[in-house]
Amino acid sequence: IEKIITREISVENLEYRNLPEGLELDSIQSNIKGTLRGIESRFQDALRAVSFYVDLANAVEGDNSLNVLWEAPEEIAILDIAPKQVGVVLKKKSVE
C-alpha cells in the first residue's frame, strides 16, 4: 500500500494564457497557495507537471478579477487554492 501525502505549496509565478491582442500584462497578483494530495513515491515528479494559471481570453483593459485555474497529472489532486481569484491588470500595448 502506497502512502498518500498532502502538501501545501506556494505558487510564485502564476502563468497567464490567451492574452488579448493589443493588450499587455501590467501586473498579476502572486502568492497563491495550493493544497495538493498524491502518492508519496510519485509526488515530486508529478508536482513538476502541475501548473496554475489565469485565462485572459475574456479580460479587458484595466482591472480584472480572474479565477485561478490549474492543470495537474492524475496522480495529483488539487484540494484547495487560496485565493481562488486574483487581480490582473492589463494595459494597451505601447506602440514602438
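This passage describes the fold of one protein chain, from its overall form to single residues. The model is predicted: local features need pLDDT of at least 70, side-chain atom pairs count only at pLDDT 80 or more, and totals for chains, interfaces and linings use all residues. Residues are numbered from 1 along each chain as its sequence is written, and side-chain values use heavy atoms, with hydrogens and water left out.

The protein chain has one helix and nine strands. Helices (H or I, at least four residues) and strands (E, at least two) are DSSP runs, numbered from the N terminus. Along the sequence, the elements follow the pattern β-β-β-β-α-β-β-β-β-β. The radius of gyration of the chain is 16 Å, well over the 12 Å that the globule rule gives for 96 residues, so the chain is more spread out than a compact globule. This radius is taken over C-alpha atoms, and the globule rule is 2.2 Å times the number of residues to the power 0.38. The C-alpha trace spans about 60 × 20 × 20 Å along its principal axes.

About 6400 Å² of the protein chain is exposed, and carbon and sulfur atoms supply 45% of this area. Accessible areas come from the Shrake-Rupley method with a 1.4 Å probe; for residues, only the protein chains shown count as cover. Of the 96 residues, 31% count as buried. Buried means under 20% relative accessible area, exposed over 50%, and partly exposed in between (1.4 Å probe, protein chains only). Contacts reach far along the sequence. Among those between residues at least 6 apart, 71% join residues at least 24 apart. Contact means heavy atoms within 4.5 Å.

One open sheet holds three strands in the order S1-S4-S8, with antiparallel pairing. Two strands pair if DSSP finds at least two bridges between them. S1 and S8 are the edge strands, and each pairs on one side only. Neighbouring strands of this sheet are turned by 20 degrees against each other on average, direction ignored. Axes are lines fitted to C-alpha atoms, for helices over the stretch in contact, and angles run from 0 to 180 degrees between N-to-C directions. Eight bridges join S1 (residues 4-11) to S4 (residues 32-39). Val-11 stands opposite Ile-32 in S4. Six bridges join S4 to S8 (residues 76-82). Here Arg-37 stands opposite Ala-77 in S8, and the bridge partner of Lys-33 is Ala-82. Helix H1 lies across S1, S4 and S8, running at about 140 degrees to S4.

A second open sheet of three strands has the order S2-S5-S7 and mixed pairing. Strand S2 (15-17) and strand S7 (69-71) stand at its edges, each with a single partner strand, so one side of each is left without a neighbour in the sheet. Neighbouring strands here are turned by 40 degrees against each other on average, direction ignored. Three bridges join S5 (residues 51-55) to S7, and these two strands run antiparallel. Tyr-53 stands opposite Leu-69 in S7.

In soluble globular proteins, nonpolar side chains tend to be buried together. The largest nonpolar core of this model has 22 residues, and Leu-36 and Phe-52 have the most contacts inside it. Strands S1, S4, S5, S8 and S9 (85-92) and helix H1 (40-47) each supply at least two residues of this core. Such a core is a set of buried Ala, Val, Leu, Ile, Met, Phe, Trp, Tyr and Cys residues joined through side-chain atoms within 4.5 Å. Residues up to four places away in sequence aside, Leu-36 touches eleven-strong company that need not be listed in full; among them are Ile-5, Phe-43, Leu-47, Phe-52 and Ile-78.Asp-26 is found in strand S3 (residues 23-28). At 45% relative accessibility, Asp-26 counts as partly exposed. Leaving aside neighbours within four places in sequence, Asp-26 is in contact with Val-89, Leu-90 and Lys-91. Asp-26 and Val-95 are 69 residues apart in sequence and 15 Å apart in space, C-alpha to C-alpha.

Most residues other than glycine have a negative phi, and most peptide bonds are trans. Phi of Asn-18 is near 60 degrees, a positive value. Asn-18 sits in the loop between S2 and S3 and is partly exposed, at 49% relative accessibility. Phi of Asn-31 is near 65 degrees, also positive. Asn-31 lies in the loop between S3 and S4 and is exposed, with a relative accessible area of 60%. The peptide bond from Ala-82 to Pro-83 is cis, with omega near -5 degrees. Pro-83 is found in the loop between S8 and S9.
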